[in-house]
Amino acid sequence: MSSAFQLLNPSVQFFNSAIESYTGTLRSRWALIRFRQLLQLNLKPNALTFSLLIKAYASNRRPSASASVNAKAELNQAQAHLVKSGLDHFVYLSTALLDLYMKVGCDSCARRVFEYMPERDVVSWNALICGYSRKGMDFEALKLFIRMLGEGFSPRATTLVSLVPSCGHRDLVFQGRCIHSLGMKSGLDLDCHVRNALMSMYAKCGELDCTESLFDAMVDRSVVSWNTMISAYGQNGFFIDAMCVFKEMVEKRQEVNSVSLVSLLSAHADPESTHCYAIKTGLVSDDCVVTSLLCAYTKHDDLGYAESLYESLIQKNLVSLTALLSSYAEKGNIKGMMKCFFKIQHLDVKLDAVALVSILHGLTHFSAHISIGLAFHCYAFKTGLCIHSLIANGLISMYFKYNNIEAASLLFSEMQEKPLTSWNSVISGCVQSGTASKAIELFGEMRLSGHKPDAITIASLLCACSQLGYLQLGEKVHNYVLRNHLELEDFVETALIDLYTKCGRIELAERIFKSIKEPCLASWNSIISGYSLCGLERKSLKYYSEMRGRGLMPDKITFLGVLAACTHGGLVNEGRKYFDVMTKDLALRPTLQHHAFMVALLGRAGLFEETLLFVKNMEVEPDSAVWGALLSACCIHGEVQLGECLAKKLWFLDKQNGGFYVLMSNLYASEGRWDDVARVRGMMKDMGRDGCYGASVTEITSMEEKNRTLCFDDPHVNA
């Protein structure tokens with residue numbers, strides 16, 4: 001401390017003024033320095049000193065500072081002096097301190113302050129309940145509220161406003177209703193803030209009827225009430241209703257703020273119209289509105305507007321850049337994605353978990369970018385982001401996409417804490433990489449670790465059973481879903497349909513499909529392909545027509561099932577018609593699989609001139625599947641000369657494939673050319689190929705062993 005400062009002979013009042021001057025600034029740590037200077041001068045701080053010190057420290061809005069380890073140590077020092085001075089008996093000081101502890105993430109310290117308070121008031125209870133609610137510690141908040149009532153404290157409106165958000169989950173809606181009932185009994189539900197909190201809670205629980213009832217009963221609706229109603233409709237997928245509420249809000253000349261537009265954009269409002277309204281009302285200068293507009297434009301694939309909006313931002317932020325980066329990543333635009341990454345680096349801001357996951361998902365689209373993926377793995381390790389399960393899951397998925405099963409498995413095994421999402425990532429990755437047996441083993445390990453499967457786990461397990469042809473095991477999984485009353489998501493129902501069709505139980509697949517009230521496109525695709533696979537081509541086409549009659553637009557996968565049905569049934573005219581619908585009416589670009597089905601359809605019908613013309617007019621280069629389909633047709637019709645030409649093409653394309661050797665051998669045999677048969681067989685032997693092996697799958701595992709593997713019937717696991 002300088003001698004000049006000592007000559008001033010400052011008093012406690014002087015230091016109080018100095019500490020107060022740092023409130024609301026980024027120099028809040030100087031308040032602590034002034035406090036230490038006060039102690040060095042042997043001055044005794046008073047209650048006002050501690051009050052101003054806590055207020056100044058709490059006003060620092062920089063998360064990096066407040067979340068640091070130093071913050072906790074500094075607060076511990078302040079608390080020690082508070083206790084030493086005997087001023088901790090002031091309820092308002094201890095309450096302010098515990099509130100600050102919660103804000104910097106030290107919930108255990110906050111709880112300790114709370115428990116050691118000689119006296120508490122409602123504000124003290126509110127501070128801790130609010131802190132738990134903000135941190136997502138919902139059960140702790142509810143338990144504390146029950147204890148508060150048990151100790152004879154009557155809740156205030158602020159208590160309910162702090163507590164109600166903790167019940168914003170479907171599994172806590174009952175507790176939310178109980179709090180609502182308590183509010184009605186005490187008259188607290190008449191408070192506008194309480195009603196807004198209840199509306200938001202019911203909306204998050206999917207109870208829109210309750211949200212609407214509360215909104216309609218409100219006499220004086222604030223802008224928060226209108227915004228909550230718009231968000232409620234948006235969150236539950238009622239986008240048109242959200243627009244109608246906003247329109248009514250404008251017509252009633254209710255104030256529209258930045259939150260209104262952000263809520264509207266989250267309800268899938270047209271970004272251009274909202275942008276125009278923001279310019280008209282002057283809200284376009286708000287960074288939150290600009291960031292939301294930017295995100296909306298990226299979702300509509302309008303990157304030009306999005307980039308212009310980013311450049312117009314006064315203060316560039318990580319959220320807006322992450323939105324741009326994610327959009328580039330989804331489209332596989334590695335150049336644009338890396339450009340955004342370098343911009344983040346120039347902002348001197350560290351990449352967060354959300355942005356890095358977007359990059360990792362973008363890299364999985366292209367196996368050629370594995371080196372960039374490895375570089376970002378190193379970046380995550382260097383910055384400490386690897387400890388986040390979100391990043392670990394992204395890396396696991398990336399390595400599975402690159403078919404590096406060993407690296408993905410190693411990452412998973414090294415995770416200290418394995419949440420359900422991580423188990424889902426590795427199980428799903430094993431299924432996608434063709435190691436379905438490993439996926440089933442991992443599921444058993446997951447159950448032993450105490451995790452209960454969710455819809456994603458069930459869907460992955462059903463896909464594994466489908467790959468392996470494990471019908472009984474699939475039925476066991478289906479029974480588990482029914483027995484535990486798990487909600488059947490669209491993708492779970494689709495996985496069940498796929499399982500039963502591939503295992504030949506088309507009647508069960510049909511029963512599941514008919515039980516779905518509004519089947520999604522994936523479910524339609526699954527049943528159409530299923531009927532085709534089981535040789536029921538007429539039913540397959542019937543379901544396609546029914547799907548179109550319901551107004552659903554088919555995609556490329558739909559037409560794979562339809563063309564497969566036409567090929568299996570020899571329906572040439574129908575096949576031509578559906579291919580034209582796909583390419584001309586719907587402007588869908590056919591893949592090589594679509595072309596292969598058409599070649600097989602026309603070739604098997606003996607229409608070789610039309611088939612060759614079709615191949616000639618293909619926009620993409622034919623692959624071995626297309627030429628193989630034509631060679632197979634040559635075998636059926638004994639077209640040896642054409643078959644020999646095709647065999648030469650196939651030899652250059654994929655000479656390791658033993659399938660076309662077998663086809664040529666069969667073609668020569670059908671014409672009695674046994675010398676050529678021997679020559680082809682010799683070539684096949686020289687290449688180390690013995691033809692294409694067929695395989696039949698028989699389930700020999702007992703149900704007891706399956707139960708033991710999956711732990712479905714273990715009372716300790718299911719407890």
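Which helices each supply at least two residues of the lining of the largest pocket? In this predicted model, the answer is α24, α25 (389–401) and α26 (405–414). The pocket itself holds about 450 Å³ of space. Its lining comprises 17 residues, and those closest to the centre are Cys386, Ile387, Leu411, Glu414 and Met415. Helix α26 makes the greatest contribution to this lining, with four residues. In chemical character, the lining residues fall into 10 nonpolar, five polar and two charged.

A useful residue to follow from here is Ala392, which sits in helix α25. Ala392 has a relative accessibility of 5%, so it counts as buried, the cut-off being under 20%. Once neighbours within four places in sequence are set aside, Ala392 is in contact with Cys386 and Met415. Both of these partners, Cys386 and Met415, are also among the residues closest to the centre of the largest pocket. Glu414, another residue of that central group, is separated from Ala392 by 22 residues in sequence and by 10.0 Å in space, taken from C-alpha to C-alpha.

Helix α24 (370–383) leads on to helix α22, since α24 is included in what covers the buried residues of α22, together with α21 (318–330) and α23 (353–363). The buried residues in α22 are Ile334, Gly336, Met337, Met338, Cys340, Phe341 and Ile344. In an α-helix there are 3.6 residues a turn, so residues three or four places apart point the same way. The geometry of α22 can be checked against its length: it runs over residues 334–346, and at 1.5 Å a residue its 13 residues should span 18 Å. The expected figure uses one less than the number of residues, and the C-alpha atoms at the two ends do lie 18 Å apart, in agreement with that expectation. Just after α22, the backbone at Asp348 adopts a positive phi of about 60 degrees.

Elsewhere in the chain, Ser263 offers a polar example of a buried position. Ser263 belongs to helix α17 (residues 258–266), and its relative accessible area is 6%, so it is buried. Apart from neighbours within four places in sequence, the residues in contact with Ser263 are Asn227, Ile230 and Ser231. With Ser231 there is also a polar contact, in which the two side chains are joined at 3.1 Å.

Note on methods
Residues numbered from 1 in each chain as written. Predicted model: local features only at pLDDT ≥ 70, side-chain atom pairs only at ≥ 80, totals over all residues. Heavy atoms only, no water. Buried < 20%, exposed > 50% of the residue type's maximum accessible area, 1.4 Å probe, protein only. Contact = heavy atoms within 4.5 Å. Polar contact = N/O pair within 3.5 Å; in protein donor to acceptor, adjacent residues only side chain to side chain. 1 Å grid on protein atoms, 1.4 Å probe; cavity = no way out; pocket = protein on both sides within 12 Å on 5 of 7 lines; lining within 4 Å. Points joined across faces, edges and corners; volume = space filled by probe spheres on them. Nonpolar A, V, L, I, M, F, W, Y, C, P; charged D, E, K, R; others polar.
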